[in-house]
Structure formats: C-alpha cells, structure tokens
Amino acid sequence: MSAATTWPAAYPNGYAVVDVETTGLARDDRIISAAVYRLDARGEVEDHWYTLVNPERDPGPVWIHGLTSEALEGAPLFADVAEEFAARLADRVLVAHNAVFDWQMIAREYARARREAPVRQRLCTIALSKALDLPLPNHKLESLAAHFGVVQRRAHHALDDARVLAEAFRPSLHAAAQGGVRLPLHECLPLTEWADRPVPRIGQQAGGPGGHGGSGYGGYRATSWRPSRKRPACPYPNPGRYEEGKRLKQGMRVAFSGDTSVERELLEDRAVEAGLHVATSLSRLTSLLVTNDPESGTSKVLKARQYGTPVVDEAAFGQLLGDVEPASEQ
C-alpha cells in the first residue's frame with residue numbers, strides 16, 4: 001500500500017493475533033497452550049508471547065498438538081496466566097483463523113477463572129479472505145499461508161500458528177485497506193455465567209487409532225467443532241411465531257446465533273425447562289431467533305430476515321423466559 005494512500009480511519013488501532021491449542025473441541029475442553037502476536041494498526045509485529053497451560057485433565061489429541069501429560073504437568077494453570085494473557089489482548093481486536101472457536105475457548109477459560117477477557121471485537125481471517133475474494137482452494141491456514149508465501153515450521157504449535165497467521169494477516173489487512181473493504185468485525189460478549197459439567201475423560205492419556213484422529217478420544221471427532229447434544233423431544237406442539245409485545249408460549253421453536261453473555265448451553269437449558277423447543281437451525285417454522293448481533297450476517301440471521309422470523313436480543317429473551325404461557329390443552 002503506497003504512503004500516499006489514506007489508511008481507513010474506521011480500522012482498529014491494534015490487533016492481537018491469537019492461536020490456542022486445546023484438549024478437544026467441545027464446551028468442556030480446555031486450553032493447553034496459547035500464543036499472541038501483538039500487531040500495530042497496520043499489521044506490523046510489536047511483540048509475541050507464548051505459554052503452556054495445565055488443563056487439569058488429559059491433554060486430548062496428542063497426535064495433533066504433541067503436548068503430553070508429562071509436558072503439561074509443571075505448566076501454570078489458566079488462572080495463573082489469565083492476567084498476563086489479558087494484558088496482551090486489552091484494547092485490541094482479537095484475530096484468529098476460525099475466530100469464533102478461539103474466542104469461545106478463551107471466554108470459557110476466563111469464566112472458569114471468574115474473570116472477564118478484555119476482548120470486545122474479533123476478526124476471523126477466514127471471513128476476511130472471503131471478503132477479499134482470495135483464490136484459495138480451501139479455508140485452511142496452510143492455504144492462506146501458501147497464498148502469501150508464508151512458510152509454516154510447526155503446524156498445530158500455538159506460537160508458530162500465530163506467527164504464520166500474523167504474517168498472512170498483514171498483507172490481507174493492506175489489501176483490504178487498499179480496496180476499501182470493510183473489515184468483518186464481530187462483537188465479543190464475555191461470559192458472565194458458566195456452569196461446569198462432569199468430564200468423563202479425565203485420567204487417561206488420549207491416543208487415536210494408529211496415531212490419528214477417529215474416536216480414540218472420548219468421542220472426539222476431528223471434523224466436528226461441537227458434538228451434538230441430544231435433548232428430549234419437546235412435548236408441546238409448535239403454536240407458531242412469537243409476536244412482539246406478547247408472551248412466549250410453550251412449544252415455540254427458538255434458535256440462537258452468535259455470542260451470549262450466559263453460556264449458550266445454560267441458556268438453551270433454561271429454554272427447554274420453560275417448555276420451548278431449541279432448534280439447531282432456522283427454518284420457516286422457527287418461532288424466534290435470539291441474537292445480540294442482528295447485523296452479523298450469519299446464516300441464521302440471513303434466513304430470519306428472509307423468512308420474516310422475529311428477532312430479539314439475549315436480555316429481552318431472558319425477560320420473556322420469566323413468563324412463558326402454558327401450552328394449549330389438546
């Protein structure tokens with residue numbers, strides 16, 4: 001980008017490029033290593049930081065990240081590094097490849113430590129590469145790196161993954177600035193309420209069949225970010241859509257999209273307890289969409305707009321849950 005070109009005034013003043021390695025991909029999994037590259041407003045590296053984290057449980061897919069129980073035994077707990085990690089994130093946009101995953105893992109760790117991550121916005125480099133229409137064969141980090149000539153030395157090592165992403169993000173940021181592209185920034189809501197569930201996988205070193213993925217790790221699947229959680233079928237018929245100013249009614253189908261300040265599964269549990277049907281996708285039968293970011297452009301938000309599905313934020317939904325109308329007698 002030439003010096004004569006004006007840098008977009010709306011762009012952030014700094015970025016924290018983050019990568020975390022974890023024991024798995026579910027809500028009860030833990031961070032085992034984390035790295036942060038701090039960048040200035042134009043994507044130049046200021047410094048970097050890396051730490052191992054003792055997850056207080058088995059490390060999960062060692063064949064992927066290479067971190068054994070022995071390697072993590074003397075590492076600090078997340079609560080011990082939370083303050084230093086926060087200092088690296090403060091007043092910056094969190095940048096990650098599939099940022100929603102890294103952010104959710106970080107937010108959960110801070111919630112467990114009874115603290116709040118100082119992150120208010122995130123930027124996903126997958127979304128940015130789509131906005132730039134980069135000619136990539138897929139959305140893997142290695143493909144983005146190859147496009148910009150960045151050499152990866154240790155895949156699935158948090159520090160090297162963060163370095164690679166930082167080096168690929170800088171030219172992406174400049175291309176966006178030169179093309180007048182609006183950065184795909186999303187709001188991050190820190191978790192204010194969290195409840196741990198029993199973890200049945202403690203006390204056993206994980207190892208996939210033949211040293212690879214598969215089902216060797218307590219149901220871990222390398223292709224799934226969030227294992228499905230079976231809920232009992234809603235016993236009430238769907239009474240139709242929610243109408244503004246009226247009460248929710250038992251049997252209504254409710255879908256969720258984006259970050260919530262109450263951990264998503266807790267919010268879903270409360271909806272089920274109130275007699276609502278929690279839907280994992282949005283259709284013409286959905287009664288209500290709950291989202292704190294109606295302009296996010298997620299598939300659920302776009303479908304809600306297309307179908308005319310009512311939308312409320314988390315706070316309004318919480319109030320509605322307090323007075324749900326009983327289902328009509330059959």
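In this predicted model, the side chains of R57 and D29 form a salt bridge, with N and O 3.4 Å apart. R57 sits in the loop between β3 (45-52) and α1 (62-65), while D29 sits in the loop between β1 and β2, so the bridge links distant parts of the chain, 28 residues apart. Both R57 and D29 are buried.

The loop between β1 and β2 also holds R27, which pairs with E265 of helix α8 (residues 264-273); the two are 238 residues apart in sequence, so this pair ties together parts that lie far from each other along the chain. The closest N and O atoms of E265 and R27 are 3.4 Å apart. Buried means under 20% relative accessible area. E265, at 7%, therefore counts as buried, and R27, at 8%, does as well. The E265 and R27 pair does not stand alone: R27, R108, E263 and E265 are linked in a network of salt bridges.

A salt bridge within a single helix is formed by R163 and E167, whose closest N and O atoms are 3.2 Å apart. Both residues lie in helix α7 (residues 158-179), 4 residues apart, or about one turn of the helix. Their surroundings differ in exposure: R163 is buried, with a relative accessible area of 8%, whereas E167 is partly exposed, with a relative accessible area of 29%. The count of salt bridges in the model comes to 16.

The nonpolar side chains come next. In soluble globular proteins, nonpolar side chains tend to be buried together. The largest nonpolar core here has 32 residues. Those with the most contacts inside this core are V18, I31, F78, F85, I106 and Y110. Two or more residues each are given to the core by β1 (14-22), β2 (31-40), α3 (78-89), β4 (93-96) and α4 (99-112). The largest share, 8 residues, comes from α4.

F78 gives a local view of the packing. Leaving aside its neighbours within four places in sequence, F78 is in contact with I31, V53, F85, E109 and Y110. Of these partners, I31, F85 and Y110 are also among the residues with the most contacts inside the largest core. Apart from this core lies another, of 30 residues, which includes V95, L134, L144 and A177.

Terms used
Residues are numbered from 1 along each chain as its sequence is written. This is a predicted model: local features need pLDDT of at least 70, side-chain atom pairs count only at pLDDT 80 or more; totals for chains, interfaces and linings use all residues. Side-chain values use heavy atoms; hydrogens and water are left out. A nonpolar core is a set of buried Ala, Val, Leu, Ile, Met, Phe, Trp, Tyr and Cys residues joined through side-chain atoms within 4.5 Å. Buried means under 20% relative accessible area, exposed over 50%, partly exposed in between (1.4 Å probe, protein chains only). Contact means heavy atoms within 4.5 Å. A salt bridge is a side-chain nitrogen of Lys or Arg within 4 Å of a carboxyl oxygen of Asp or Glu.
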